[in-house]
Amino acid sequence: MRFAKYCLFAIVVLLPLLCFSAAKADYPAETIHIIVPWPAGGGTDNIARAFAASLEAATGASVVVDNVVGAGGVTGTLQAAKAKPDGYTLLLQGSSDISTVMVFQKTPFTLDDFDFLCAFYSTPTWVVAHKDRGYTDLKSFLEAADKNPGKLTMASATPAGAQLLMAAAIHGYTNGKFRIVPYQGGGPFRKGMLSNEVDAGVVHSPIMLPEVKEGIIRVLGTGAPLGKINYDPLRKTKTLNEMGIPFEVGITRGILLPRNTPHEVRAKLLEASKKAASSPAFAEFGAKFGFSPVWMEGQDFRKLLDNEVRTFKEIKEKFVDTQKR
Amino acid sequence: MRDLAKELVVTGLLATIAATCLASMHATERPVLSFQYSSGLSFSTLPNLYGGLLLLLCLINAGKAVWLHKTSAPAPVKEKKAAFRAVATIFLLFLFVSLLGKMPFAALCAVFLCLLFFAYGKRKPLQIACIGLGGAAVLHLIFVTALGLRL
Amino acid sequence: MFENIFMGFEHVLTWYNMAMIFAGTALGILVGALPGLSSPMAMIVLLPLTYSFSGLPALLMMMGAYVGTKLGGSYSAILLRTPGTPAAACTVLDGHPMVLQGKAAQALGYATVGSALGGLMGWLAASLCIPVIAGIAVKSGPADIALIGLAGLVMVSSFVRGSMLKGLIGMLLGLLLSTVGLDPQDTTPRMTFGMEELFGGIDFSAALVGFFGIAVVLSDLHRIEEGATRIREKVGLALPPVRELCRRWRAIAIGAFYGLFVGAVPGVGAEGSTWLAYATVRKNSKNPESFGTGNPDGILAPESSNNAVTGGTMLPMLTLGLPGDGSTAIMLGALLLHGMTPGITLIKESPEMVYGLLAGLGVAHVFMFLLGTLAIRPYIALLQNDRAWIFPFVLIMAMVGCFAGTNNPFPVLLAVLFGILGHLMELRDFPIPTVVLGVILGPIIEVNLRLALSLSNDDWWVFADTWPRKIILALILYIISKEIFLELKRMRLQSQNNPTVTP
C-alpha cells in the first residue's frame, strides 16, 4: 500500500509535466529532429551531429539526431518522406547513398517525395592501397592485375553502393583482371585495409585519411577532384576521368525535407542552415574531418541527384548486371 | 495424448517455418553478376543448409515423440489460468504494437499497464490506477523526455 | 610504458573526471538493468552531451556507462530471467536458478565480483600488452573470426541439458533467422517476402527481446500466484567470501581470458565470448551437470568475460581506430566529433586521451564494483515484488526498448511474434539460449566465411593456414566428435532404462 501511495504522489508531481503543451509559436519552437538513416558513429552520422550542433546555435531551438537504421538507408529515408511537413523532421542524406539505393532496389519512394533544401558537405570517393603492396597509382595496380589475372583483389566498402559502382566501373572500363571483394561497411573495410588483406580498396573519403597522413596507406586515384581536401599532397591526385575512366563519383551530403513543406518554414530553415554550414564551429569540424564545408542550393542538389541516378543506372547495367544470356 | 499433440504442434510450427524459408529461397532468382565475388558459397547455400537441416531435425523430433510417447495426466487448473493470462497478454501486446506512436505514449502505457494488472489477478481499483498511472509517468520520463523518442 | 599509464592516471584522478566516470557508471548500471535498453543506446544518449563537455571527461562518462551496462544487464538476467543487455544472456542459465533456490543476493554478489575481477584482469592485461592486443585486432582475418564463431556454435551442446536434438533445432532456427535479409555479398533479398522492413535482416534486439524478454514473461505467468508474498530474504552479506573466490579462480580467469582475446577480435564481442567462456568452464569442471542449476561458476565465467571484453574492445579502438563492438563504435564517433582520430596520430598528438581513457577503464570497474554492491539490496527489493506488478513493466520496457534502438515499430512486432514462438518452444523444453546463440553467431559466421573465401579465391585451405586457425579447427572437430559420442551413449542408456510404452 505504501508503494501505491508513493505512486499517487508521483502522479501529482508529474501530471503537470504531461499536460504541458507548447503554445503555437513561431518556427522553430519545438525540437527539430534530423533523421540519419545510418548507424551512430559512422561518417555520415558524425557530419550530421556536427551540423546539428551548429544548426542548434543558428536557430536557438534544440536539434537532435535520430538514427533510423535499416535496409541500406531505405527505412530512415522512408520515415522522413512520410513525416509531417512542418519543418521539424529533416533528413540528412548523401547524394550517392540515396541514388545508389534507388538504382539497386525498388524503393518505396522517389526523389519527388522530397523537397531539397541544401547540401553542405562533399567528399569524393577514392581508391586506396596499403603501402606494402607497392602500388604508386591506379595504373600500376592495373598493370599488376593484368600480369596476374584473377589474383589481385579490390575491396569495396559496401556490397551495393557508390563504392561498388566505382569498383565495377574501373573493372569494366579497363577490362581489369582483378576480383572485387565487398565488405560490410566502413568499419570492416578499414580493418581489412589495415590488415593488408586486399590489394586495393574503394571507399568514400575521408575514411583512411589519417592513415594516409601517416604513410601507411596510399591513395591510388579518386572519383572526383580532391582539390578541397585539408591535406596538400593529395590535392593533385588524378581523377578517374583524367585516367580515361569516364566516371565521377563522390558523396554530397545535404538536408531533405518532406514534400510540401510550407514556404516560410522552408525559408527560415534555409537561412539557418546556411548560417550553420558557414559557422566557424562547423568549419573547424570540417577541417579536422578532412574537408571544408561547401554550399549548394536545393535545386542544384536535386539536379546532381538526377544526374547520378542516370549515370549509376548506366554503370550498373553495363558492368554489374550480366548481359542477357 | 495431450503431450504428444502439443509436441507435434510446436515441432510442426518450426517445420513450417523451415519449409516456408526453403520455398522462398527456391523462388528467389539469383542475379547473375558479370564479375564473380566467390563461387564457393552463393547467397542461398547457408539458408538452404539451415532450413533443410531444421526441417529434417523437426521431422526426426516428431517421429521420436510419436515413438516414445506415454499417456500423461490431464492439465491442472493452474495451467488453464496461466494459459488464459498468456492469451490476454498476447492480445494486449499486439494492441500495444499497433497503437505505438499513434496515441500519446503515457496514455497508452497507462491503459496497457492497468489492463495487464487486471488480467494478472489484481482487483483493487485504486491500487491498479495508482501504479498504472505512476508507472506510465515514469516510462514517459524515461523514453520520451530522457531518450527523446518520437512517440 | 608504465610512465604512460601513470600519466593517464594523473589525468583521470581529478575530482571532475572521477565524478564523470562515477555518473557514467551509475547510469550504465541503471540502463543495463532495464530490459530492452542496451549499451549502445546509453552511448547514443550521452553522445550529444559530449558537446557540452570537453573530450576526456565526456568520453570517461561514456566509458563508465559502457562498463556499467555490463553489470546492470546481469542484474535483470538473474532476477527476471531476461537479460538487460545481450552480453548478459549467458548469465541467465545459472543466475536465475540460484534465485529460485532463494539465493538471489548471492547470485548478484557473484555477478558483481565476477564482473569486477574479470574486468580488472582484462584491463590490466590489456594495458600491459598493448601491442599484443592491437596485433590480434589487426592480424585476425575473416577466417579467424568465422572459426571463432563456429567454435561458439558447437559449444551449444553445453547449454542443452537433455535433448541435444532440441538444442540443435533451436540453434538452426536462430541461424535461419539470421540469414533473413539482403545477402551480404550480392544483396539478393533472402526470405523477405517483399517486405522492405526485412531488407536489413532481423534486428538483433527484436530477437533478444522476443525470445528472452517476452517469451520469459509468458512462460513465467503461471508463477504469479507463487510469488505473491514479498520474499523477505535474509539478505546477509551478498558478496561471496574470499575463500570461495579463491577456489573458483579458474572460472574468473578463463572468463577474463576469453573476454580479452575474443573482444580484441573486431566483430565478435561480448555476445560470443560469454558463451565460449561458459562452455569451456563447464567442460573443465568436476560436475558439469550442475551447470544450469545454479552453479556459481556459471555466473562467474560469463560475467568475468563480458567485462574483460571492455579491455579487448577499447584497446584496438584507441590505438587503431578499430571498434570491437557497437558501443565502442559510438565512442569512436564521439572521438571523431571532437576532432580526434584514434590511431597512431592520437597516441602521438594527445597521449593523455588514450592513456587517460585506459586508466579510466580501470577506475570505472572499481566504481562499478562499489555501485553494484550498493545496488544489490535495492534491486532485490524492487524486483522481488509480486510478479503481477513487475511483468507488465518488463513487457513495456522490453518492447519500447526494442523500438528505441531502431526508431521503427516493425522490430517490435517481430519481437512479439518471437515471444509467442519462444514461449511455445519453452513449453516443450526447447532451450531458448540456443536460438539466441544462432541469431548472434549466424551473421558473424556467414559474412566472415564468405569474405574469407572471396579473399582466398575460394581456397578452403585458408581456414587451416595459420597456427591459431589450426588449433581452433582441431578444437572444433574434437568437440563435435566428443559430443556425438556422448550423445549416442546417452541415448543407449535412455532406451535401456525406458522401454517404449505403447497405449
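**Exercises on a predicted model**

With 14 C-beta neighbours inside 10 Å, Asp458(C) counts as partly exposed. Keep that in mind for the first exercise; the model you're working with is predicted.

**Exercise 1.** Work out where Asp458(C) sits in chain C and what its phi looks like.

*Solution.* Start with the place: Asp458(C) belongs to the loop that links α21 (432-455) to α22 (467-497) of chain C. Next, check the backbone: phi is positive, about 65°, even though Asp458(C) isn't a glycine. Why does that catch the eye? Most residues other than glycine have a negative phi.

**Exercise 2.** Find the loop that holds Arg81(C), then decide: is Arg81(C) buried or exposed?

*Solution.* Look between α5 (55-80) and α6 (92-100) of chain C, and there's Arg81(C) in the loop. Its phi is positive too, about 65°, and Arg81(C) isn't a glycine. Now for the neighbours: 24 other C-beta atoms lie within 10 Å of Arg81(C). The cut-off for buried is 20 or more, so Arg81(C) is buried.

**Exercise 3.** Say what kind of peptide bond runs from Ser205(A) to Pro206(A), and locate Pro206(A).

*Solution.* Read omega: it's near -5°, so the bond from Ser205(A) to Pro206(A) is cis. For comparison, most peptide bonds are trans. Then locate Pro206(A): you'll find it in the loop between β7 (200-204) and α8 (209-214) of chain A.

**Exercise 4.** Describe the make-up of chain B.

*Solution.* Count the elements: chain B has 5 helices and 0 strands, running α-α-α-α-α from the N terminus. Then turn to burial: 33% of its 151 residues count as buried. Last, the contacts: among those in chain B with a separation of 6 or more, 65% join residues 24 or more positions apart.

How values were computed
Residues are numbered from 1 along each chain as its sequence is written. Chains are lettered from A and ligands numbered from 1 in the order in which they are written. This is a predicted model: local features need pLDDT of at least 70, side-chain atom pairs count only at pLDDT 80 or more; totals for chains, interfaces and linings use all residues. Helices (H or I, at least four residues) and strands (E, at least two) are DSSP runs, numbered from the N terminus. A residue is buried if 20 or more other C-beta atoms lie within 10 Å of its own, exposed if 12 or fewer, and partly exposed in between; C-beta atoms are placed from the backbone. Two residues are in contact if their C-beta atoms, placed from the backbone, lie within 7 Å.
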